[in-house]
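Hi there,

Here is the structure I promised to pass along. Have a look at it first, and then read on for what turned up.

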Amino acid sequence: MLAGKEASLSRYPFWTERRYTGIMLMLGCVLFLVAAALSPTDEKGTSMYDLPMREALIAVFHHWSSWQWGLLLFCIAVVVSLLGFARLTSILWERGNHVFSFWGLIALTLATGFFLLDMTFRRSIEYWAAQETARTNAIPALYQQLSLWDSTIFQVYTVLIFFAAIMYGAAIALTRILPRWLGWVIIVYSLAGTIAFVILNDMPPFVHYLLPIAMGVLLLLPRYQLPALSAESQND
């Protein structure tokens, strides 16, 4: 059985749709993590996300040149990730899973749109507020109101992306284009993250970009290139 599988794999080119999909998923995650590393910090090295609003805005003002690149990389990362999941959805459709992969892609597309709105807010309103705070040493009252709107955008993004992950986890568990255990890990991980988000009312976005790296790595492996592998042969 193993020799027959290796012979079948040898007939397929190295650059398959699954490998392209895996590379895109990994690239989106890497770009996102690099962007996160460019987040402004204060003089003690504390991230802007852990600082009070006034200190966070001052950190943005003093690190604006690098933070612009971070915001750009965030935007590129979420778009590349969406394209990778779109290709994954196409593979799942070929294996007969239409419902879970469809709703996963819809939710992820909406989440990407909300995230890009958040980045637009940071690129425009947040920078203006950072300039005003550095100049007057006081947070603009308008920014405090608008930041509530931005927080709501981020909360909707978080719920949507967890929902998308659950849908893709179910699709992977059912179609088994990747190991079934990975699908269940994604589901449990996402449900636990959702519960934590409800309790804490906050969730660092990088947590959404950990499991897609594992998915991308597995999609590069030779044994997951054959589109017609049966469930039994995948377990051999």
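To start with one residue: in which helix is the place of F163? F163 sits in helix α6, which covers residues 141-175. Please keep in mind that this is a predicted model.

F163 has a relative accessible area of 36%, and it counts as partly exposed because that value falls between the 20% limit for buried and the 50% limit for exposed. F163 also belongs to a nonpolar surface patch of about 660 Å². The other members of this patch are W93, V99, F102, W103, I106 and L110. Helix α5 (residues 99-136) contributes the most to the patch, with five residues.

Next, the largest pocket. Its volume is about 920 Å³, and 33 residues line it. Nearest the centre of this pocket are M48, Y49, R122, F154 and D202. Helix α6 comes up again here, giving the largest share of the lining with seven residues. At least two lining residues each come from α2 (17-37), α3 (53-62), α5 and α6. Sorted by class, the lining holds 21 nonpolar residues, six polar and six charged.

Last, a residue in the loop between α2 and α3: S39. Is S39 buried or exposed? S39 is buried, because its relative accessible area of 9% is under the 20% cut-off. S39 and V60 are 21 residues apart in sequence, and their C-alpha atoms are 8.3 Å apart in space.

Happy browsing, and all the best!

Conventions. Residues are numbered from 1 along each chain as its sequence is written. This is a predicted model: local features need pLDDT of at least 70, side-chain atom pairs count only at pLDDT 80 or more; totals for chains, interfaces and linings use all residues. Side-chain values use heavy atoms; hydrogens and water are left out. Patches are made of residues with over 30% relative accessible area and no salt bridge: like charges are joined within 9 Å, nonpolar side chains (Val, Leu, Ile, Met, Phe, Trp, Tyr) within 5 Å. Accessible areas come from the Shrake-Rupley method with a 1.4 Å probe; for residues, only the protein chains shown count as cover. A salt bridge is a side-chain nitrogen of Lys or Arg within 4 Å of a carboxyl oxygen of Asp or Glu. Helices (H or I, at least four residues) and strands (E, at least two) are DSSP runs, numbered from the N terminus. Buried means under 20% relative accessible area, exposed over 50%, partly exposed in between (1.4 Å probe, protein chains only). On a 1 Å grid over the protein atoms alone, a cavity is a set of points where a 1.4 Å probe fits but cannot get out, and a pocket is an open set with protein on both sides within 12 Å along at least five of seven lines; lining residues have an atom within 4 Å of a point. Grid points are joined across faces, edges and corners, and a volume is the space filled by probe spheres set on the points. Ala, Val, Leu, Ile, Met, Phe, Trp, Tyr, Cys and Pro count as nonpolar, Asp, Glu, Lys and Arg as charged, and the others, Gly among them, as polar.
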